Structure formats: C-alpha cells, structure tokens
Amino acid sequence: MTFQQLRDFCLSLPDAEETFPFGEDTLVFKVGGKMFAITGIERLPLSVSLKCDPDRAVALRERYAAVQPGYHLNKTHWNTVELDGSVPDHSVRQWIRDSYDLVAQGRKGERGRKPRS
C-alpha cells in the first residue's frame with residue numbers, strides 16, 4: 001500500500017477528515033473529531049497507527065511481525081502497522097475500517113451522555 005492509497009482509503013470513509021495536529025509531517029485522520037489513523041507523510045518505511053480492540057491488538061502483534069504496539073500511543077488500544085508488503089492490503093484496509101468503526105461508535109455513545117458537572 002502506498003501513501004496515496006492509504007490516504008485515499010481513509011478519506012473514503014464517511015465523514016473522515018485529515019488534520020495535522022502534531023505538525024506538518026504527521027497526518028491524522030479523524031471522524032467526529034477523534035483520531036482513527038495516524039501516519040507520517042515522509043516516514044519510510046510507511047506505517048499507519050490504528051485503534052484496535054485490546055485483545056485483537058495483541059493477537060495481531062503475535063501473528064504479524066509488521067504489527068507493533070502503537071508508536072507514541074496507548075499500547076493497549078493502538079497498533080502501528082509497517083506497510084512493508086508483509087501484511088496484505090485487504091487486511092490493512094479492514095483494520096482501518098475497524099479502527100474507524102471503533103472511533104465512530106464511541107462518538108455515538110458520547111452524544112447520549114450527560115455532561116459532567
């Protein structure tokens with residue numbers, strides 16, 4: 001997967017937006033104002049950090065050498081995937097969708113909560 005393919009796929013998801021909250025070299029994809037994917041624009045090899053169910057995060061790390069605990073992120077909930085070709089693109093796209101869904105579902109749950117006093 002190339003940088004452009006990664007970017008195009010992330011932006012194809014409903015209401016996804018790209019932002020640069022950590023500087024011009026780090027592209028962050030959000031839905032509802034919350035991050036679901038993070039990548040370095042010029043970082044080689046290309047990698048993407050994705051939110052993940054904690055149990056699944058560990059299983060993916062055990063299965064794929066290219067999947068590591070989230071770089072500079074909560075390692076329980078985030079994985080960083082090196083896009084070196086060892087993980088099939090269709091799997092990476094599914095993990096991006098899963099990350100997006102986790103974040104989008106979390107945002108729906110927050111709308112129904114009462115603000116704390």
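The largest nonpolar core of the predicted model contains 29 residues. Within this core, Phe36, Val81, Leu83, Trp95 and Ile96 touch the most other members. Two or more residues each are supplied by α1 (3-12), β2 (26-31), β3 (34-40), β4 (47-51), α2 (54-63) and α3 (89-111). Of these elements, α3 gives the most, with 6 residues. Nonpolar side chains in soluble globular proteins tend to be buried together.

Strand β4, one of the contributors to the core, is mostly covered, with 4 of its 5 residues buried. Pairing of β4 was found with β3 and with β6. The pairing with β3 is antiparallel and extends over 3 bridges; the two strands form a hairpin, with 6 residues between them. In this pairing, Thr39 stands opposite Val48 of β4. Strand β6 (residues 78-82) also runs antiparallel to β4, and 5 bridges join the two. Here Ser49 has Thr80 of β6 as its bridge partner. In a regular strand, side chains alternate between the two faces of the sheet.

Thr39 was examined further. This residue belongs to β3. The relative accessibility of Thr39 is 2%, and the residue is therefore classed as buried, the limit being under 20%. Its side chain reaches the backbone oxygen of Ser47 at 2.6 Å. Ser47 is also among the residues in contact with Thr39 when neighbours within four places in sequence are left aside. The other residues in contact with Thr39 on this basis are Phe3, Leu6, Asp25, Thr26, Leu27, Phe29, Leu46 and Val48. Val48 thus appears both in this set of contacts and as the residue of β4 opposite Thr39.

A total of 2 salt bridges was counted in the model. One of them is formed by Glu18 and Arg7, whose closest N and O atoms are 2.6 Å apart. Because Glu18 lies in strand β1 (residues 16-19) and Arg7 in helix α1, the pair ties together parts that are 11 residues apart in sequence. Glu18 is partly exposed, at a relative accessible area of 30%. Arg7 is likewise partly exposed, with a value of 25%.

A salt bridge also joins the side chains of Asp98 and Arg56, with an N to O distance of 2.7 Å. Asp98 is located in helix α3 and Arg56 in helix α2, so this pair ties together parts that are 42 residues apart in sequence. Both of these helices are among the elements that give two or more residues to the largest nonpolar core. Asp98 counts as partly exposed, at 22% relative accessibility. Arg56 is partly exposed as well, with a relative accessible area of 36%.

With regard to confidence, the protein has a mean pLDDT of 90, and 91% of its residues reach 70 or more. Over residues 109-117, by contrast, the pLDDT is below 50. Beyond near neighbours in sequence, this stretch has 1 contact in the model.

Note on methods. Residues numbered from 1 in each chain as written. Predicted model: local features only at pLDDT ≥ 70, side-chain atom pairs only at ≥ 80, totals over all residues. Heavy atoms only, no water. Core = buried A, V, L, I, M, F, W, Y, C linked by side-chain atoms within 4.5 Å. Buried < 20%, exposed > 50% of the residue type's maximum accessible area, 1.4 Å probe, protein only. Pairing = 2+ DSSP bridges. Polar contact = N/O pair within 3.5 Å; in protein donor to acceptor, adjacent residues only side chain to side chain. Contact = heavy atoms within 4.5 Å. Salt bridge = Lys/Arg side-chain N within 4 Å of Asp/Glu carboxyl O. pLDDT = per-residue confidence, 0-100.
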